[in-house]
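Hello! Here is the structure I promised to pass on to you, and below it you will find my notes. Please open it beside this email and read along at your own pace.

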Amino acid sequence: MPIISRFKQRIFFQNLILTGVIIGVFFFLNFENYFVPIAPLLFLGLATLGAIYLWCDYLLMRKIEKTPNRKENLFLDDRELGDSGSNEDRLGLKEDATKFAKNILNNDSNNPIVFGLDAPWGSGKSSYLYLCKKHVWNKRNDLIVFNFRPALYNCKRQDLFRIFTTDLLQELKKSGIDTRLLESHVSSYIQLLKGVTVLGFSISFTNIFSNYSGESLLRKMQNDLKSLDKKVIIIIDDLDRLYLEDVKEMIGIVRNIFYVPNITFILCYDTSNINSFETQHRLAHSQSYKIEGGN
């Protein structure tokens, strides 16, 4: 602390000057004949020490005045660890998050599993998953972690399946995976289901001009995903912030299309919000982790 340093510095110079004075008095009383010739040098030394002391004290005061008075925050904000610029685990969740992250890997099994991360809004699910990435997942070269937040999109006007698959394909490309075949099948599947719009009219080509049925394209997409040489963890955050029909669509995408080997889903939600829809959503082969008292 600056105040403590300044105090110690003053004590040091005061003791040094006092020692010089005592030595001078001692020589004057006992060796008066020898003291007179060196007296000017002794006084010059004491004056120099005094000047050094005053100059250092002045510089230290200037430094204290320029140093901002930083105080500890009384409250923690809602940003996750990575976004806040701090890696400090103030809630002490590292050990639990590390264990959870290893359980997600399921001993490197390729079986598809859907996990549920259930915690109230603002309790820190994102920070909890940040610790999972930092201490376990990011240390693996054979692992891809993809975050998807459907609440950021207008699901009423945007195709949730198209958005999800586009973002997923981009993430796979970043990891060096050749996605050209999967992109082709995904594009054909979307066109098959949605058709095209001509003069304001939607025209579907299902079972007319298409060489594939929806079911065959779906199987091709799933086979493309099965052939991935890396395990993929897909995190879907803020699921409980969607409208009921959008929640159902997102769960349908998870369960009916991407429930294939080497892909693991982590659905993040708040049960109380989900229950407010007065309905139940059941996912086969799913496991739910309840976070108590934190992220």
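**Salt bridges**

Asp-238 is a buried residue, because its relative accessible area is 7%, and buried means under 20%. Before we go on, please keep in mind that this is a predicted model.

What does the side chain of Asp-238 meet in a salt bridge? The partner is the side chain of Arg-241, with a distance of 3.6 Å from N to O. Arg-241 has a relative accessible area of 43% and is therefore partly exposed, so this salt bridge joins a buried residue to a partly exposed one. There is also a network: Asp-108, Arg-140 and Asp-142 are joined into one by salt bridges that share partners.

How many salt bridges does the structure hold? There are seven. As a general point, side chains of opposite charge can pair when their charged atoms come close. Two further examples are worth a look.

- Arg-219 forms a salt bridge with Glu-215, and their closest N and O atoms are 3.2 Å apart. Both residues lie in helix 8 (residues 214–226), where they are four residues apart, about one turn of the helix. Arg-219 counts as partly exposed because its relative accessibility is 45%, whereas Glu-215, at 55%, counts as exposed.
- Arg-180 and Asp-178 meet through their side chains in a salt bridge of 2.8 Å, N to O. Both Arg-180 and Asp-178 are exposed.

Asp-178 deserves a little more of your time. You will find this residue in the loop between helix 6 (160–174) and helix 7 (180–194). Its relative accessibility is 53%, so it counts as exposed. Asp-178 is also 50 residues away from Leu-228 in sequence, while the C-alpha atoms of the two are 9.3 Å apart in space.

**Strand 5 and its neighbours**

Now please find strand 5 (residues 231–236). Why can we say that strand 5 is largely enclosed by the rest of the structure? Six of its six residues are buried, so that is the conclusion we reach. In a regular strand the side chains alternate between the two faces of the sheet. Here, both faces are covered: one side has Lys-231, Ile-233 and Ile-235, the other has Val-232, Ile-234 and Ile-236, and all of them are buried.

Which strands pair with strand 5? One is strand 2 (residues 143–148), which pairs with strand 5 in the parallel sense over six bridges. Within this pair, Val-145 stands opposite Ile-233. Another is strand 6 (residues 263–269), which runs parallel to strand 5 and is joined to it by five bridges. There, Ile-235 has Ile-266 of strand 6 as its bridge partner. To get from strand 5 to strand 6, the chain crosses through helix 9, and this β-α-β crossover is right-handed.

**Helices to look at**

Helix 9 (residues 244–257) lets you try a small check. Its 14 residues should span 20 Å at 1.5 Å a residue, and the C-alpha atoms at its ends are 19 Å apart, so the two values agree. The buried residues of helix 9 are Asp-246, Val-247, Met-250, Ile-251, Gly-252, Ile-253, Val-254 and Ile-257.

Helix 5 (residues 125–135) is largely enclosed by the rest of the structure, because nine of its eleven residues are buried. Among them are Tyr-128, Leu-129, Tyr-130 and Leu-131, and also the charged-type names Lys-125 and Lys-133.**A loop and a surface patch**

Two residues in the loop between helix 4 (94–105) and strand 1 (113–118) have a backbone angle to check. Asn-106 is found in this loop, and its phi is near 55°, a positive value in a residue other than glycine. Asn-106 is partly exposed, because its relative accessible area is 27%. Asp-108 has its place in the loop between helix 4 and strand 1 as well. Its phi is also positive, at about 65°, although Asp-108 is not a glycine.

Lastly, which residues form a nonpolar patch on the surface? They are Trp-55, Tyr-58 and Leu-59, and together they have about 340 Å² of accessible area. Tyr-58 is found in helix 2 (residues 32–66). With a relative accessible area of 40%, Tyr-58 is therefore partly exposed.

Enjoy exploring, and write back with any questions!

Methods: Residues numbered from 1 in each chain as written. Predicted model: local features only at pLDDT ≥ 70, side-chain atom pairs only at ≥ 80, totals over all residues. Heavy atoms only, no water. Patch = residues over 30% accessible without salt bridge, like charges linked within 9 Å, V, L, I, M, F, W, Y side chains within 5 Å. Areas by Shrake-Rupley, 256 points an atom, 1.4 Å probe, with all protein chains shown as cover. Salt bridge = Lys/Arg side-chain N within 4 Å of Asp/Glu carboxyl O. Buried < 20%, exposed > 50% of the residue type's maximum accessible area, 1.4 Å probe, protein only. Expected span 1.5 Å × (residues − 1). Pairing = 2+ DSSP bridges. Right-handed = clockwise from strand over helix to strand, strands pointing away.
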